[in-house]
Amino acid sequence: MRNTINRALVAKKRLFFFMMATMLATALSAGTVNYTADDVSIFPNPERGFITMLERHGNKTRYAVKGKESYLTALRTNDKGSLILVLYYLDEYKNAETLPDSILTAFDEDMAVLRNYGMKCILRFAYTAQTYKIPNPDPKKDSIRTAADAPLSIIQKHLNQYKSHWEANADVIFCFQAGFIGAYGEWYYTDNFTNTSSHMTPERKAFLDTLLNATPKNRTVQLRTPLFKTDYMDSIYGSHGAITESEAYKGTPKSRLAHHNDAFLNGYQNQGTYRDTATQKPYIAQETLYMPIGGECNIEDSIRGVTAASHDSTVMEMSRLHWTFIQGGFSTKVTNRWRQEGTFDELNRNMGYRYQLVEGTYDEAATVNGTLHVSLQIKNVGYAPLYNERHAYVVLKNENAAYALKLTDIDPRTWKPGNSYTIEKTLTIPDTAYNGTYDLYLWLPDAYESLQNDARYAIRIANEDVWEEASGMNALGAQVVVSGGSDAPDTSIHLPATLNKANHSAVSDEKWYNTDYFNFGDAWGEDGSDGHNLSRWIEWKVKLVYPGEYIVSEVGYCTNGHSYLLELKQGETTISSFTAVDTDHWGEGDQSYTQKEKWDLSSTVTGIYTLRVHNSTDYGKPKLKSLTLQYNGDIPSGIDEVAELELDAQPYDILGRPVDDSYHGIVIMRGKKILR
């Protein structure tokens, strides 16, 4: 009987080998993917977009950001923002040679809040927001307006104190604004730096020298007018031409001194921002290919707001000068108009960079220690480029492992607006890679290690069906089969089991872990989460060994009860789900209880799944410590014994020739095509 079965199998294999031979060229060739652009969606991307401002006066409160988490949440949720202008006033320290430690500590704590909420800041300091009048020496002229700021010697001491704190928090600082001098730090009305001067005076240059030394070399410093930079360049080099590609990103004053405009569209010269628009605007347009520009529109007159800040005028100016950010709430005469006309949404999509994939070609098969060829065409449809350093990776990822392959010599900052770029790279598959089929992703994480694995700081590509929010990666719609290595070990947790932080496989938000718990967050928004507990999840890779009925129990901290949802998933498909409702445990403290409801998995086949849990109500403050799935009854004997069809286990190549274990490539074994 066995010989009859084997002869039938041999005949079938020969036919199968012939079919496989005709398919070999296709199997080993590269596949091409065409991408669909998303020109509609508005989403937060790092270091760009509409901003809001938070400020702190030293004599009123220690913090500018801490305690204002709801502002950050609202900006990210409503306006899809990722940036905030933080303005620190050192009012009572304008004559103090040393800032108290409490002020510096408060700054660090503010930056920690930004980091916790996925935001970055534009940073400015000032000593006053007030101006006052003094008599004019010429009695025939009006009085002179000035502001009580700090002298150069005091500012320089304060800069030296802040230096280490700025360096330690550079990951969440997008850029600096020169600040410190004059009312609002805008360098105009000032008691100590030549009042109302629009030029780079000697004392201003001395301040700027100190500021450039105190701020991190990989961050730009924005000046209020183009004239300030050209004067400064003249004082150092005797010339002030706009920056070129070869001069960019060098850490020099020329590559770090950028521009901000707080009178955008307000009059022909933007209230003195420009002296000669015919020469200075082309200069700014070139500079902003390498350094960011942003600011606010301060038009307070409704009629002027309609005419000067019309849709066409706004879009033309922003795209021409490569704007990256602007205040979303000032002036309301303008921003409200933008919202009514749809300009606001258009700017929200296009300010800064907006990358889109056009086409990609990828090898469909590779071997361990072998090569993987990728070809990507990408374009920037935004108004501006990216400015701070960022690296690009192609990631191979499946349920067992992920490998990030760096695209060396690829600098996303060079993807300028209005242009398309083709990336051709031959990558090496790591020698540690497991055999298997991997999905390909494009990953553009933050360059700082502290933020690299935080998906909120990764760049989202503006194409349909590419963004994976949990990982911060962009799916390329392609797969590669890797062979020649070892098979992935079984890392799944065999049910029944207790699931906890120590054995989890993925989580939506790592920062919501503390020592013992996964924190779903506060449904009422007291911590700024504003219902984010509904979107946070934790999951485990599990193997269902015993189908049947399970009792679900939980250990955790719970205030005012909660309800959570369990989902057994294969990929994106939910195989089975269960909602556990806690109505008996209200109050504070660790609580362990067994749910009365039972989860029936008797009709679920054995296999490997993803078990995900998340809160399913909009109340309570649940924190999960562990979750136990206990088999309800005696574990059946022999349930994990699977009968195997008695087929020939000898591997063959596609021409029907027997091969041994040293052969790597497509083989036919037990009637299946395997790439090993």
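Which residues does Trp166 touch, not counting residues up to four places away in sequence? In this predicted model, Trp166 touches Phe107, Leu123, Phe125, Leu159, Ile173, Phe176, Phe180, Leu211, Ala214, Thr215 and Pro216. Trp166 is also, with Leu123 and Phe180, one of the residues with the most contacts inside the largest nonpolar core, which has 51 residues. The largest share of this core, 6 residues, is contributed by α3. A second core of 37 residues is separate and includes Tyr353, Leu386, Ala401 and Leu444. In soluble globular proteins, nonpolar side chains tend to be buried together.

These cores belong to a protein with 13 helices and 33 strands. Of its 676 residues, 51% count as buried. Among contacts between residues at least 6 apart in sequence, 77% join residues at least 24 apart.

The aromatic residues deserve separate attention. A pair of aromatic rings is described by the distance of the centres and the angle of the planes. A search of the whole structure finds 25 aromatic pairs. In one of them, the ring centres of Tyr88 and Phe125 are 5.2 Å apart and the planes meet at 20°; an angle under 30 degrees counts as stacked, so this pair is stacked. The pair links distant parts of the chain, as Tyr88 belongs to strand β3 (residues 83–89) and Phe125 to strand β4 (residues 120–126), 37 residues apart. Tyr88 and Phe125 are both buried.

A second pair has another geometry. The ring centres of Trp187 and Phe207 lie 5.9 Å apart with the planes at 70°, so the arrangement is edge-to-face. This pair, too, links distant parts of the chain: Trp187 is in the loop between β7 (173–177) and α5 (202–214), whereas Phe207 is in helix α5, 20 residues apart from Trp187. Both Trp187 and Phe207 are buried. The residues of the two pairs are members of one aromatic cluster, formed by Tyr88, Phe107, Phe125, Tyr127, Tyr162, Trp166, Phe176, Phe180, Trp187, Phe207 and Phe228. Trp166, with which this account began, is thus found in the cluster as well as in the largest nonpolar core.

Aromatic rings also meet charged side chains. Arg413 lies over the face of Tyr249, 4.0 Å from the ring centre. Similarly, the charged end of Arg460 is placed over the ring of Phe43, at 4.1 Å from its centre.

The cysteines may be considered next. A disulfide is a covalent bond between the sulfur atoms of two cysteines. How many disulfides does the count come to? The count is 0 disulfides. For Cys121, the closest cysteine sulfur is that of Cys175, at 8.5 Å, which is too far for a bond. Cys175 is accordingly in no disulfide, the sulfur of Cys121 being the nearest cysteine sulfur to its own. Cys121 counts as buried, because its relative accessibility is 0%. Cys175 is buried too, with a relative accessible area of 0%.

Helix α2 (residues 69–78) shows how a helix can be partly covered by its surroundings. Its buried residues are Glu69, Leu72, Thr73, Leu75 and Arg76. Viewed down the axis of α2, these residues fall within an arc of 160°, so they line one face of the helix. The elements that cover them include β2 (49–57), β3 and α3 (101–116). After α2 comes Lys80, which has a positive phi near 55°.

Other backbone features occur in loops. Glu47, although not a glycine, has a positive phi of about 65°. Glu47 is located in the loop between β1 (30–34) and β2, and counts as buried because its relative accessibility is 4%. Asn369, also a residue other than glycine, has a positive phi near 70°. Asn369 lies in the loop between β13 (365–367) and β14 (371–380); in contrast to Glu47, which is buried, Asn369 is exposed, with a relative accessible area of 55%.

Two cis peptide bonds complete the description. The bond from Phe330 to Ser331 is cis, with omega near -10°, and Ser331 is found in the loop between β11 (323–327) and α11 (332–341). The peptide bond from Leu495 to Pro496 is likewise cis, with omega near 5°. Pro496 is placed in the loop between β21 (493–495) and β22 (497–500).

How values were computed
Residues numbered from 1 in each chain as written. Predicted model: local features only at pLDDT ≥ 70, side-chain atom pairs only at ≥ 80, totals over all residues. Heavy atoms only, no water. Phe/Tyr/Trp six-rings, centres within 6.5 Å; stacked < 30°, edge-to-face > 60°. Helix = DSSP H or I, 4+ residues; strand = E, 2+ residues; numbered from the N terminus. Buried < 20%, exposed > 50% of the residue type's maximum accessible area, 1.4 Å probe, protein only. Lys NZ or Arg CZ within 6 Å of the ring centre and 35° of its normal. Disulfide = S-S within 2.5 Å. Arc of directions from axis to C-beta. Contact = heavy atoms within 4.5 Å. Core = buried A, V, L, I, M, F, W, Y, C linked by side-chain atoms within 4.5 Å.
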